[in-house]
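Trainee: Please take a close look at one strand pairing in this model, residue by residue. After that, please set it beside other parts of the structure, with the values that support each statement.

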Amino acid sequence: MSMDIPRQSLAPTKPPRRGFLRDNPSVLWFMGLLGLFTLGVTVLSEGMGIGMVSTNLVKILGMTLCLCLIAIAMDVVWGYCGILSLGHFAFFGLGGYAIGMWLMYARTEIVIRDSLGRGTIPPTPAEISEGVAAQIFGVVGSSELPLIWTFAGSLPFQLSMVVLVPGLLALVFGWLAFRSRVTGVYLSILTQAMTLALALYLFQNDTGLRGNNGLSGLQNIPGALDVPQSVLSVWFFWASALALGLGYMLFAWVVSGKFGSVIRAIRDNEARVRFLGYNVEGYKLFVFTITAIISGIAGALYYPQAGIINPAEIAPIASIYLAVWVAIGGRGRLYGAVIGAASVSLLSSWLTGGGAPNIDLGLYRIVWTDWWLVLLGLGFVAVTLFFPKGIGGLFDYLVRKS
Amino acid sequence: MLRLPRLAAFAACLIALACFGAAPAAAQTPPASDSITPLQDVLQQVQPQVANPSRATVPQVLGALLAADAPGTVAFLRAWADREVYERPADGLFFFARDTANRNLMLVDIDTGAELAEVTSREVNQIRPNAGVRREIGAALVSFELLNPDPARRLAALENIARSPDSEQIEPLQAAFAIEEDNRISERMERLLDLLNARFATDTATRVDAIDGLSGDISTEARRILNQILQTRAEFAPEIPEGTNVARVRTPGVDMDLAAAYATLADAGLAPPHLGRNAIRDALRNNVVDGTVGGVPVHLLDNDERRREAYEALEAAGMVAPLVTEEDMRAAVAEYVFFDAYLEPDPAVTTAARASLDSTRTAISLWQFLSISLDAVSLASIFFLAAIGLAITFGVMRVINMAHGEFIMMGAYTGYVVQTVIPNYTTSLVVALPLAFAVTFAAGVAMERLVIRHLYTRPLETLLATFGISIALQQLAKNIFGTQARPLTAPDWLAGAIQVNDLVSVASIRVAIFAMALGFLVLLLFILNRTRLGLEVRAVTQNPGMAASMGINPDRINMLTFGLGSGIAGVAGVAIGLVAQVTSEMGANYIVQSFMTVVVGGVGSVFGTLAGATLIGALQKGIEWFNPTNTLAAQTYMVLFIILFIQFRPKGIVALKGRAAGD
């Protein structure tokens, strides 16, 4: 009789839960390597160690860590959830703008207060604010503080904007897009359109963010103006490493367990997951928004190290590069995204920065600054065609062998 | 609405201008028969008056010239007024001259146009008539030309008057108008008379008549003159003076800024100046005594309230000028009337001008609307051209080709290379169009064979792989052609513009692009719906397996379709290169918009792409109309609109239904 069959055997056998870290050995490996790397850079740095790594290089490495952070966000949204978003660099840029506003305002305020304070009569708040506005917006022919800068002098407010602006934009945009079941390449084009609209908006002089001049002088941190850049760069390196570590843990936790299974299932067959009764839109919206927020945070850490942000950074092409990094590193595994972002962006800055020696072939001289993009483009095509798993796929061989 | 006679007149003017250019050259040929006195001889009769012209002597010269009526008189008069006539002191003869390479002058015979001798500028005197003389000569020229038996010359003379109107011209024009028989010309003369009278006539009745005659005239020259008459100047007085032609009275605080009104009073010295924040601060700074100002310690003066307190203390002590409060300002301003007065003192004239200007308002906005619509159509055809290739590769085959923009760029560069080889622009264009198609067709087929074929099951990865190709191609173009923009020049017959009236004109090249877009639309519809290839393409895209079992080779069809889409992109590139600059990034500028065009229009439908392009073009121009200075804002709002539009119609304007929809 059918009743004799134990119900248990029909259900899939559930593996015993052994704890998050033991299920995800890569997290421990990653944390260990990141810690070692941070320690190594600190010891070798100019500001805190023996000075073998220049301040500039520390900044580049710190920026690379931020790029790794947005790359794992991209990996979660694309590699795990199947949404090829071409808009995450826009969130990155928004985070940068949010913190950049405070950096620029607060520093200019110090300068203005200083210069006005030298007079006999101390300045009034209105005079200071006018001076700051004239200083910041003189370049776009305005001397009034736009409305969005009202609270730019407040660090907590701008920090909350780092999270809120990308988060809300992603929430609204995602809700609109997912609700009307825009999927696949259409969604990609739609996110690209969003990025384009944002970039065009920021390019205008009268939108209050200095048009194509962008925000500059971000490497000077108000309140730490006496600290030399060599030390500041290490602080930011630490902050970036910490953010990357925490982000990695967060995303590793998000994609493991039941939640991770659902979003992977959405990637593989969205309709089937919906038929099973899951609220697909809710899951996608959550993933889209949380990755946007992390992207914003990564941007907020990146641009103080870069020193300048302008709308060109947000242009649609940047987001496509992000997808390129993740694809080269290997989708669907967090460390793959890190490897891709780190290797491609470091290689790029090495080759385009003139660090690589040019090769003289007699007939033709290979200048890397000219040929790097050709190489990247073709390499990318090759990876897509022949190694869909990316560099991270190599680890599968290692694991299988052992 | 379209005034055909004027159009015809305009065309005639163009022809006349062309003839006029040739006229002086013809006049310089030596006289055919001996009965005509050469111009040089006529001039020698009045030699001193020509060499040293003054207002009093000019009529003598003109009389002599008129009497002789020698060929080349007009050209001489013009040259004389323009200081291009030289006298040789040695024999008193007159010459034209042109500069030579070594900064000398080449003397040119006035009658024959032959080059006579090269001299230094010291050997001849340049004749320099003063402004008064030049005006006299100009007026003489006007009647000379207006009475010319050749109607084309008369029209050309009218255009000259229109270009530089002058009160001296009224009389000769009136005289000419009285005897003019050609209907067309007399119409033009009447209007010009109106224009001149409206501006220069001395009695009110004539001016008002002339201004009334201009009502309904939408030309720029008429509106400029009317606006000139209506110019105003902001003034103020205790009472409006008698005889002032007031345009409008302003009430400070309502339609005029109170502070601005007060500032004009202060500027005129009629009221003490209103002290701004900076002035107050400076006054305080000048009155610091022992670290306090007016009893307030200096370090407390970091807010406006304390500063005011200190200032009032100083004011009470009589050390600074009294503070002007808003009450004071209001009281001072109330003593005066602020108004805008017309520069033109005669109210009848200004009223007529206002009425005349108002009468054209509706017509002008209609014409402007037409102009913007034409702009929109032109923009839409460019979008359509850029997107039509995608309508095939993306719309029909569902392949996301991010390198589509680079195919456009390849087409444009092909055009550029052809132009460097073949110097004739028309021939090179004829060669470039098919060649661009061939080049990009080959590139498209190669890409399909090598890359896309392997990715038909993974559409998202096609996007990425083609993006890789796109950046590689862009950089390659940069390596080969450099970063600066390369010109792709349109042949002369496409360089002009079709001018309907002063408000509406369309560049010929844009008309050509519109025609080309239309041609592609028809061609594509024909290929897809009426040919064997089109049938097979539709079969393969709907169901490759079934198509294959019917004996169609899907590989071959995919290859050809992709090649066709890419080839069309190449041809579009040549067309776009003619209106935009050819750079390695030109394709990237169109790619996002092209995808949006296809998506908004409806994937899989050529008509959809047309609808999408029309919508996007119209939208962008429409938004620009509200804020013409900011095309970036127009683009931003357009993209936002598209994002919202896709929310409500995810399948685009023309949504395919049933099995053809493919999902």
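Mentor: I begin with one pair of residues: B:Ala237 has B:Val337 of S10(B) as its bridge partner. The coordinates come from a predicted model, and every value below is computed from it. B:Phe236 is likewise bridged to a residue of S10(B), namely B:Phe338. The strands concerned are S6(B) and S10(B), the latter spanning residues 337-342, and they pair in the antiparallel sense over six bridges.

S10(B) has a further partner. Its pairing with S7(B) is also antiparallel and runs over four bridges. Here B:Phe338 appears again, since B:Arg250 stands opposite this residue of S10(B). B:Phe338 is thus matched with B:Phe236 and with B:Arg250.

Taken together, these pairings give an open sheet of three strands in chain B, ordered S6-S10-S7 and paired antiparallel. The edges are formed by S6 (232-237) and S7 (246-250) of chain B, each of which pairs on one side only. From one strand to the next the twist averages 25°. As a general point, strands of a sheet pair through backbone hydrogen bonds, in either a parallel or an antiparallel sense.

Chain B also holds an open sheet of five strands, again with antiparallel pairing, in the order S4-S3-S2-S1-S5. Its edge strands are S4 (115-119) and S5 (125-126); each has a single partner strand, so one side of each is left without a neighbour in the sheet. Within this sheet, S1(B) and S2(B), the latter covering residues 93-99, pair in the antiparallel sense over four bridges. One of the residue matches is B:Arg88 with B:Leu93 of S2(B).

The loop leading into that S1 deserves attention. B:Arg83 lies between helix H5 (73-81) and strand S1 (85-88) of chain B, and its phi is positive, about 60°, although it is not a glycine. Most residues other than glycine have a negative phi. B:Arg83 counts as exposed because it has 12 C-beta neighbours inside 10 Å. A loop of chain A offers a further case: A:Arg210, also not a glycine, has a positive phi near 65°. This residue is placed between helix H7 (184-203) and strand S1 (215-216) of chain A. A:Arg210 has 24 C-beta neighbours inside 10 Å and therefore counts as buried.

Turning to helices, two packed helices are described by the angle between their axes and the distance between the axes. In chain B, the axes of H8 (residues 170-179) and H9 (residues 183-200) come within 10 Å and cross at roughly 150°. H8(B) is therefore roughly antiparallel to H9(B), the limit for that description being over 145 degrees. The crossing of H8(B) with H9(B) is left-handed. On the H8(B) side the contact is made by B:Ile170, B:Leu173, B:Gln174, B:Ala176 and B:Phe177, while H9(B) contributes residues including B:Met189, B:Leu193 and B:Phe200. By type, the residues of this contact are nine nonpolar, three polar and one charged.

A second pair in chain B is H18 (residues 404-421) with H25 (residues 586-601), whose axes come within 7 Å and cross at roughly 140°. That angle makes H18(B) oblique to H25(B). The crossing is right-handed. Among the residues in contact are B:His404, B:Ile408 and B:Ala412 of H18(B), and B:Met586, B:Tyr590 and B:Ser594 of H25(B). The contact of H18(B) with H25(B) divides into seven nonpolar, four polar and one charged residue.

H25 also takes part in the contact between the chains. That contact takes 43 residues from chain B and 41 residues from chain A. On the chain B side, at least two residues each are supplied by H13 (277-286), H20 (459-481), H25 and H27 (631-648). The largest share of that side, 14 residues, comes from H20(B). The chain B side as a whole is made up of 28 nonpolar, 10 polar and five charged residues.

A final reference point gives a sense of distance within chain B. B:Gly622 belongs to helix H26 (residues 606-626), and it is partly exposed because 16 other C-beta atoms lie within 10 Å. From B:Gly622 to B:Leu314 the C-alpha to C-alpha distance is 59 Å, and the two are 308 residues apart in sequence.

Technical notes:
Residues are numbered from 1 along each chain as its sequence is written. Chains are lettered from A and ligands numbered from 1 in the order in which they are written. This is a predicted model: local features need pLDDT of at least 70, side-chain atom pairs count only at pLDDT 80 or more; totals for chains, interfaces and linings use all residues. Axes are lines fitted to C-alpha atoms, for helices over the stretch in contact, and angles run from 0 to 180 degrees between N-to-C directions. Angles under 35 degrees count as roughly parallel, over 145 as roughly antiparallel, 65 to 115 as roughly perpendicular and the rest as oblique. A crossing is left-handed if the near helix is turned anticlockwise from the far one by less than a right angle, and right-handed if clockwise. Two residues are in contact if their C-beta atoms, placed from the backbone, lie within 7 Å. Ala, Val, Leu, Ile, Met, Phe, Trp, Tyr, Cys and Pro count as nonpolar, Asp, Glu, Lys and Arg as charged, and the others, Gly among them, as polar. Two strands pair if DSSP finds at least two bridges between them. A residue is buried if 20 or more other C-beta atoms lie within 10 Å of its own, exposed if 12 or fewer, and partly exposed in between; C-beta atoms are placed from the backbone.
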